[in-house]
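Visitor: I would like a close look at a single part of this structure, taken slowly and with its surroundings included. Please choose the part yourself and connect the details as you go.

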Amino acid sequence: MAMKFKFWGVRGSIPTPGPRTVKYGGNTTCIEVNNASNDLLILDAGTGIFALAQTLSGQSPIVAHIVITHTHWDHIQGLPFFLPLLSPQNQIHLYGGLDPVTQLGIERALTVQLQYSYFPIIEAQVKARVHYHTLRPGEPIQIGSTTITPIVLNHPVLNFGYRLEDSDGSSLFFTGDYETPSNPYSADDPDYASNQQFIDAKLFEVHATMQGVDALIVDSSYTDAEYAKKAGWGHNTYGGALELARQVHAKKLFLTHHEPTRDDRELETIFQNVLTKAGAVDFEVYLAREGIEHILR
Ligand SMILES: [Zn+2]
Ligand SMILES: [Zn+2]
């Protein structure tokens, strides 16, 4: 069985349910991946994970591997609503990076949310066996037939992008939230060259990890005009995502992390404009849409 994935949440920042977003969906980031060894992998635990959990009811025991890009709310908010956490026969593996400020591993994502002031269930009521795995950049881990390689991507907090490579050679890369790094110095500044060298080295490493991927799923929050006002907020543009896919020779590009202000029609208008502006590209481009499954190869 080839690796396949399904979007359960494609929205950035805050859930946006309602008639304006019914086509592309209003849940925040969550992607389900099924690999050749039939493991359940989940990339990020935004509000979309709740609907995913509904599909698992009646199954027992459940073994789930939840891989977190970073702990901004829109990527972890659904975690306490992942109902398999409540049953003792289930095993939940949670993967993520070490926060450089607090020095806490990914256990912080649940600990912070399961405080009595914020959630009715306390950590002691989580009956599933929860295993926390702290990942280090560039050090791959193996889950069944899938090798997962984390790489640090530019965002205001530690954010791992992940390459998933299956034993059959199929692959996907998910950025989580990512802003293409840019040099803060002007070209005539004495610090410009050393900064550019650092950025170029980092981009080389990032592109190498994404190279030739079957599906590249990229934070594409902004139009160029919006980005002019939001540079440094940690998100990419549609144009930036297309350029990235071109540079790394991705086969399919999925634009995601849709702005909460965008309705379905605006999203499609922007998408058409972006494709027209880009001209001919040698990869397929899609708007990520909640509920749609994609099979690799
Ligand atoms: Zn986000
Ligand atoms: Zn973020």
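Guide: A residue counts as buried when its relative accessible area is under 20%. This is a predicted model, and within it F160, with a relative accessible area of 1%, is buried by that cut-off. Y162 is buried too, with a value of 0%. The part I have chosen is the sheet that contains β9, together with the metal sites whose donors can be followed from its loops.

The sheet is open and has 7 strands, in the order β7-β8-β9-β10-β11-β12-β13, with mixed pairing. Its edge strands are β7 (141-143) and β13 (284-287), each of which pairs on one side only. From one strand to the next the twist averages 20°. In general, strands of a sheet pair through backbone hydrogen bonds, in either the parallel or the antiparallel sense.

Starting from the edge at β7, the pairing of β7 with β8 is antiparallel and runs over 3 bridges, and I143 has T146 in β8 as its bridge partner. The two strands form a hairpin with 2 residues between them, in which G144 takes a positive phi near 55°. On the next step, β8 and β9 pair in the antiparallel sense over 8 bridges, with D166 in β9 as the bridge partner of T146. T146 can therefore be followed in both directions, since its partners are I143 of the β7–β8 pairing and D166 in β9. A hairpin of 5 residues joins β8 to β9. Strand β8 is largely enclosed by the rest of the structure, because 6 of its 8 residues are buried. Further along the sheet, β11 (residues 215-219) and β12 (residues 252-256) pair in the parallel sense over 5 bridges, and I217 stands opposite F254 in β12.

The loop between β8 and β9 leads to the zinc ion (ligand 2), whose donors are H70 (NE2), H72 (ND1), H155 (NE2) and D177 (OD), at 2.1 to 2.3 Å. Along the chain these donors follow the spacing H-x1-H-x82-H-x21-D. The angles subtended by the 4 donor atoms run from 90 to 166°, which makes the arrangement irregular. Distant parts of the chain are linked here, since H70 lies in the loop between β4 (63-67) and α2 (73-76) while H155 lies in the loop between β8 (146-153) and β9 (159-166), 85 residues apart. Both residues of this pair are buried: H70 has a relative accessible area of 1%, and H155 has one of 11%.

A second site belongs to the zinc ion (ligand 1), which is coordinated at 2.1 to 2.2 Å by D74 (OD), H75 (NE2), D177 (OD) and H257 (NE2). The donor residues are spaced D-H-x101-D-x79-H in sequence, and with angles of 90 to 163° among the 4 donor atoms this site is likewise irregular. The connection between the two sites is D177, which coordinates both zinc ions, and the ions are 3.6 Å apart. H75 lies in helix α2 and H257 in the loop between β12 and α7 (264-278), so this pair ties together parts that are 182 residues apart in sequence. H75 is buried, with a relative accessible area of 0%, and H257 is buried as well, at 2%.

The aromatic residues bring the account back to the strands. The whole structure holds 7 aromatic pairs, and one of them is formed by F5 and F7, which meet edge-to-face at 5.5 Å centre to centre with 85° between their planes. F5 counts as buried at 1% relative accessibility, and F7 does so at 0%. F160 and Y162, whose burial opened this description, have ring centres 6.0 Å apart and planes at 65°, so that pair is edge-to-face as well. Ring pairs also link F5 and F7 with F254 and Y286 into a cluster, and F254 is the residue of β12 that I217 stands opposite. Elsewhere, a charge and a ring come together where the charged end of R289 sits over the ring of Y24, 5.9 Å from its centre.

Technical notes:
Residues numbered from 1 in each chain as written. Chains lettered and ligands numbered in written order. Predicted model: local features only at pLDDT ≥ 70, side-chain atom pairs only at ≥ 80, totals over all residues. Heavy atoms only, no water. Phe/Tyr/Trp six-rings, centres within 6.5 Å; stacked < 30°, edge-to-face > 60°. Buried < 20%, exposed > 50% of the residue type's maximum accessible area, 1.4 Å probe, protein only. Lys NZ or Arg CZ within 6 Å of the ring centre and 35° of its normal. Donors = N, O, S within 2.8 Å, 3.2 Å for Na, K, Ca; no water. Tetrahedral: all angles 85-135°; square planar, octahedral: opposite > 155°, others 65-115°. Helix = DSSP H or I, 4+ residues; strand = E, 2+ residues; numbered from the N terminus. Pairing = 2+ DSSP bridges. Axes fitted to C-alpha atoms, helices over the stretch in contact; angles between N-to-C directions.
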